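Please consider the sequence and the model shown below. The paragraphs that follow treat its aromatic contacts and then a strand hairpin.

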Amino acid sequence: EPRLGDILCHLTELCGRGLSAADAIRRIFAHFEKDWSTLASREVPGARVTLQRWLSEASWLPPLSASTTPGFIAPAARLYRPDELYTEVALVGSQAPVCAWPVESKLAEAIGLHRKPPPPLVLRHLEHLLDTFPGTDADAFDRHAKALSPIYAYLHRLHSNREHRATADERELRERLRGRPCLLDIPRRRAWLPAHVFIDDVRRLEPLRTNLQLRIPEGAVRYLGGKQHPEAADYCTWMHDLAALTHGPLDSEQRLQVLYVLRHVGDPERVGDLPLLCTDGCLRAASTVFLDDAPWLKERPVDLYCVDPEVPLDLLTGLNVQGVADALLERLQGVESGGITPEAVQACKALQSRLRTPEFTGGLLRLVRHTHGPDATPDLTPIAGLTLRPVTRLRTSFVLRGREIACGEARHFFQVSDSILMLVGHQKSRLVAYVARAVHQLLGTEMQLAD
């Protein structure tokens with residue numbers, strides 16, 4: 001049995017040769033490893049330190065210089081102290097030197113080899129693997145994919161460790177990874193942005209979102225930014241993503257997905273200019289579409305888009321989506337007054353006189369207070385001043401957001417600026433509805449009656 005002093009003298013001589021003596025150094029290492037329980041506390045002759053301390057302070061271990069592990073980068077060609085080396089090439093192979101051979105855990109810990117690398121090293125190695133991911137080579141892809149598994153397992157354990165406190169460096173690296181596709185989906189041969197991956201089943205959001213729980217540990221998904229289940233903001237983002245990818249009518253499955261998602265986008269005041277499903281099957285921003293409340297409008301421009309009737313009404317209300325009728329402005333194009341019949345003049349005078357009677361104004365006040373409460377005080381003066389003017393012909397145009405979209409003959413037109421209601425016809429029963437609309441408008445938005 002060789003003496004410890006002789007072994008260490010020989011080891012020192014081998015270290016002088018550098019990496020060329022790696023095989024001989026490994027044989028000495030194997031000797032220490034075999035009898036470590038008895039050798040660890042032995043005092044080194046002439047040094048007054050234990051063998052454990054001597055080995056932990058000396059630069060005597062060769063690094064792994066070549067490996068088929070994806071992403072591996074060979075370190076500087078020299079011998080290393082144990083505390084400069086790691087044991088898991090799969091976790092740090094591109095970022096730090098790794099011991100050239102496997103080491104039993106107790107011995108590794110005793111001499112200072114790093115068995116548990118710090119998160120920043122692992123995260124940088126993950127970034128390196130993502131940066132060097134092969135494109136078309138199927139075999140290389142599969143090798144890279146397998147190389148990610150131990151990293152995901154490491155991140156799962158890290159996320160599960162409640163005592164772990166991330167450093168500023170780790171937080172910065174994690175945020176960087178959260179902003180890039182880093183969760184690998186092997187069957188689809190693609191990587192996912194963490195924000196698009198959930199723990200719960202999200203088949204209604206496929207293929208823009210997914211669940212990778214069977215292939216990537218839950219803790220890794222959560223650590224990198226995945227969630228348990230989608231939240232309101234996730235549904236909104238999904239709508240924008242789908243709108244960016246589709247440039248025509250949705251298919252039947254996408255349509256069902258959209259109607260499902262629109263029921264989960266949350267508070268309309270927080271969703272911004274959300275894409276909405278239109279009657280032609282396409283998605284368009286809420287600010288550019290209308291509620292179709294004007295079926296009577298037959299002449300329509302091809303770019304007048306209305307929302308699908310199955311889109312939730314409370315969402316449309318919250319987004320302030322206008323009805324076509326509300327957004328339309330009617331402008332007077334022409335009026336003819338020649339040949340007015342006495343019957344038409346008499347019908348307008350009779351209705352106008354009724355508007356000025358105390359009975360009418362009193363009855364209207366009661367209706368307003370019934371609708372808006374006993375303290376409602378509508379201004380009825382403009383109604384008493386409403387002038388009804390019989391005409392023989394009216395021509396008007398409809399303007400939508402500054403653009404004329406239709407024109408034609410009209411039966412009535414209310415000129416708000418001077419409170420004149422122009423009416424075509426002479427049958428009083430037909431004119432009453434038009435007068436009621438003018439009265440409704442003069443009451444103002446806060447005092448209007450139900451239809």
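**Aromatic contacts and a hairpin**

Five aromatic pairs are present in the structure, which is a predicted model. One of them is formed by Y235 and Y260 in an edge-to-face arrangement, with 6.2 Å from centre to centre and 75° between the planes. This pair links distant parts of the chain, for Y235 belongs to helix 11 (residues 232-245) and Y260 to helix 12 (residues 252-262), 25 residues apart.

Are the two partners buried or exposed? The cut-off for a buried residue is a relative accessible area under 20%. Y235 counts as buried because its relative accessibility is 8%. Y260, at 16% relative accessibility, likewise counts as buried.

Elsewhere in the chain, one aromatic cluster is formed by F29, F32, W60 and W101.

Aromatic rings also meet charged groups. R78 places its charged end over the ring of Y80, at 3.8 Å from the ring centre. In a second such contact, the charged end of R284 lies over the ring of Y305, 3.5 Å from the centre of that ring.

The last feature is a pair of strands. Strand 11 (residues 412-415) and strand 12 (residues 420-424) run antiparallel and are joined by four bridges. Within this pairing, F414 has L421 of strand 12 as its bridge partner. The two strands, 11 and 12, form a hairpin in which four residues lie between them. One residue of the turn, S419, has a positive phi of about 55°.

Technical notes: Residues numbered from 1 in each chain as written. Predicted model: local features only at pLDDT ≥ 70, side-chain atom pairs only at ≥ 80, totals over all residues. Heavy atoms only, no water. Phe/Tyr/Trp six-rings, centres within 6.5 Å; stacked < 30°, edge-to-face > 60°. Buried < 20%, exposed > 50% of the residue type's maximum accessible area, 1.4 Å probe, protein only. Lys NZ or Arg CZ within 6 Å of the ring centre and 35° of its normal. Pairing = 2+ DSSP bridges.
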